[in-house]
Amino acid sequence: MANSDPGEDQLTTLQSLLHSDEIITPDSADYPPLVQTWASQKQMNPRLLIRPNSIESLSKAIAYLYSSSLDFAIYGHGFMSASAKDVLVNTSSFDGFHLDKHSDLVTIGAGQTWAEVYRKLQEAAPDYGSEITLPITFKFQTDIIREVVGARTPCVGVAGTIISGGFSWLSSEYGCISDPANMLDVKVVKYDGSVVWASREPELLWALRGGGGGFGVVVKVVLRVVPYPQNIWAGPILIPREQLQQVAEGIARFVSEPVDPKITMFLYVVKGRLLESIGTDSDMLVIHAFDAHGENHGRASFQWALDIAGAVDQTRVTTLAGVADLQNKAHIVKGSMKQFWAPLLLREISKETIIKAIQWSEDIQHLDKSLGDCTYLIFELLSSRDPAGPISSCAWPRPLGGKHILLFGTGCPSGDGPDKEKLARDLAIEVASKVLGADTEVNYLPSGFEDFHDPKKIWGPHFEQLRALRRRYDPHGRFKAAVNV
């Protein structure tokens, strides 16, 4: 008689610990969207998907999975491309929300998207009214609402953002999402199924502030709520590609001077075929402007861009949720590409860097059109600041003086073979030296960690402490994380 598959036996035991509505098999219509990775090459098509509806169910599942021989991973909304051969644990049922208006703290389920958090916050606290005395820094605005320092891309998940540091439209003023001033506590299910608020184990809370994960399963997060203007002037300013020199000079000049922390911007390229609605047949540079002091202040701040020949103004006045919603379409392409990331934190941005980066992306388009179509290049300017406290207060010791993010993403269509995939990977490995120079110090962000990045360089002086904590909170190295046990 043939021996039974021990993996099948273990899957059966796991299912016996859960309710039927917490178990999703590959033949279910619910399965594909709940296991979809961002990078298609990382999809492992797990034999079973579980979506626990309570902390009790999750605790039982994690304790059993950890003691089994099953390969498993923790999945939020797929943007970190977590997958596993046997079991994927989907945390999207953890979507609770509670705002304490007296303490200005919000407790949120870590399995939801930031879009859900923004919506619930608007419903719970549409304005501050007369509840507080506004600081003088809001002299440009009279309409103030409660906001959290949350992710710029609203369709990404809360937990994944927290463990990778997290950047917000508010980061130039308030720092990373997981900084101590913004994130106060985290509820975690540990490897043995026990549940703890991380504040009771300070080293655990420290590790969750950008430490790359692997310390348990995050189920709740406590965030500080801050007063913020709701009349934000933001949106795209489209500029013809042939004005690259003028755009690069304008941006370099703008960011070289002190800039109000309520002002930030993106720069990226959009292909002409996506811009038929405005009647152009050429590629366009996009300056995505953001000024929380309102339209008059914003137009004055970005007049240099609006005055460039051929500029098309698509800005508007909106709330922070409205600004985030401008990027809410990112999920559409999830799983359609083999993707590799190279996100960099920079202290300075020069005209030469802007021009070389855009020329690099165009060279890829000329090398191979399908590679070019799957390549991302985004300057997230004035998007960071040093922590309010000491660098040692966060697991990710981001370089002092880092202000700008330069996000490179290379890829190819999911159906392309290994040769094209290797080319895309090699391009991601080489891009920093190609654009910044071989001798430039390179600082990668935890949020785009790839196996070709050196975790010792990303976490620097905190790497060994994180390894020691990984051994404590994952003694058998069963959780998947950037810093190995």
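The following exercises, each with a worked solution, concern a predicted model.

**Exercise 1. Domains and their contact**

Task: State how the protein is divided, and characterise the interface of domain 1 and domain 2.

Solution.
1. The division gives domain 1 (6-90), domain 2 (97-229) and domain 3 (232-453).
2. Taken over C-alpha atoms, the centres of domain 1 and domain 2 are separated by 26 Å. Domain 1 brings 10 residues to the contact and domain 2 brings 17 residues.
3. About 1,100 Å² is buried between these two domains, and carbon and sulfur atoms give 81% of that area.
4. On the side of domain 1 that touches domain 2, helix α3 (residues 55-67) gives the most, with 6 residues.
5. For polar terms, the rule finds 0 salt bridges across this interface, and 2 residue pairs in polar contact.

**Exercise 2. The nonpolar cores**

Task: Identify the residues with the most contacts inside the largest nonpolar core, and describe the surroundings of I287 and of helix α4.

Solution.
1. The largest nonpolar core has 115 residues, and W114, L267, I287 and F408 have the most contacts inside it. At least three of its residues come from each of domain 2 (97-229) and domain 3 (232-453).
2. Another core, of 22 residues, lies apart from the largest one; L14, L18, V89 and V189 are among its members.
3. With residues up to four places away in sequence not counted, I287 touches G235, P236, I237, I239, V247, M265, F266, L267, F302, W304 and A305.
4. W114 also belongs to helix α4 (residues 114-124), where W114, V117, Y118, K120 and L121 are buried.
5. The partners against which the buried residues of α4 pack include β5 (97-100), β10 (217-229) and α11 (320-325).

**Exercise 3. Positive phi outside glycine**

Task: Locate N45 and L382, and decide for each whether the residue is buried or exposed.

Solution.
1. Most residues other than glycine have a negative phi, so positive values merit inspection.
2. N45 has a positive phi of about 50° and lies in the loop between α2 (31-35) and β2 (48-50). Its relative accessible area is 53%, so N45 is exposed.
3. L382 has a positive phi of about 55° and is placed in the loop between β17 (376-381) and β18 (404-413). With a relative accessible area of 9%, L382 is buried.

**Exercise 4. Salt bridges**

Task: Examine the salt bridges of R47, K369 and K422, giving the position and accessibility of each partner.

Solution.
1. The count for the model comes to 24 salt bridges.
2. R47 and D86 meet through their side chains at 3.0 Å, N to O. Because R47 lies in the loop between α2 and β2 and D86 in the loop between β3 (72-75) and β4 (87-90), the pair ties together parts that are 39 residues apart in sequence.
3. R47 is partly exposed at 30% relative accessible area, whereas D86 is buried at 11%. Both belong to a network of salt bridges that links D5, E8, R47 and D86.
4. In the bridge of K369 with D373, the closest N and O atoms are 3.1 Å apart. These residues are 4 residues apart in helix α13 (residues 369-373), and therefore about one helical turn separates them. K369 is exposed, at 51%, and D373 is partly exposed, at 33%.
5. For K422 and D426, the closest N and O atoms are 2.7 Å apart. Both lie in helix α14 (residues 418-436), 4 residues apart, about one turn of the helix. K422 is exposed, at 52%, while D426 is partly exposed, at 22%.

Conventions: Residues are numbered from 1 along each chain as its sequence is written. This is a predicted model: local features need pLDDT of at least 70, side-chain atom pairs count only at pLDDT 80 or more; totals for chains, interfaces and linings use all residues. Side-chain values use heavy atoms; hydrogens and water are left out. A nonpolar core is a set of buried Ala, Val, Leu, Ile, Met, Phe, Trp, Tyr and Cys residues joined through side-chain atoms within 4.5 Å. Buried means under 20% relative accessible area, exposed over 50%, partly exposed in between (1.4 Å probe, protein chains only). Domain bounds come from an automatic or database domain assignment. Contact means heavy atoms within 4.5 Å. Buried area is the accessible area (1.4 Å probe) that two parts lose on being put together, summed over both. A salt bridge is a side-chain nitrogen of Lys or Arg within 4 Å of a carboxyl oxygen of Asp or Glu. A polar contact is a pair of N or O atoms within 3.5 Å; within protein, one must be able to donate a hydrogen and the other to accept it, and residues adjacent in sequence count only if both atoms are side-chain atoms. Helices (H or I, at least four residues) and strands (E, at least two) are DSSP runs, numbered from the N terminus.
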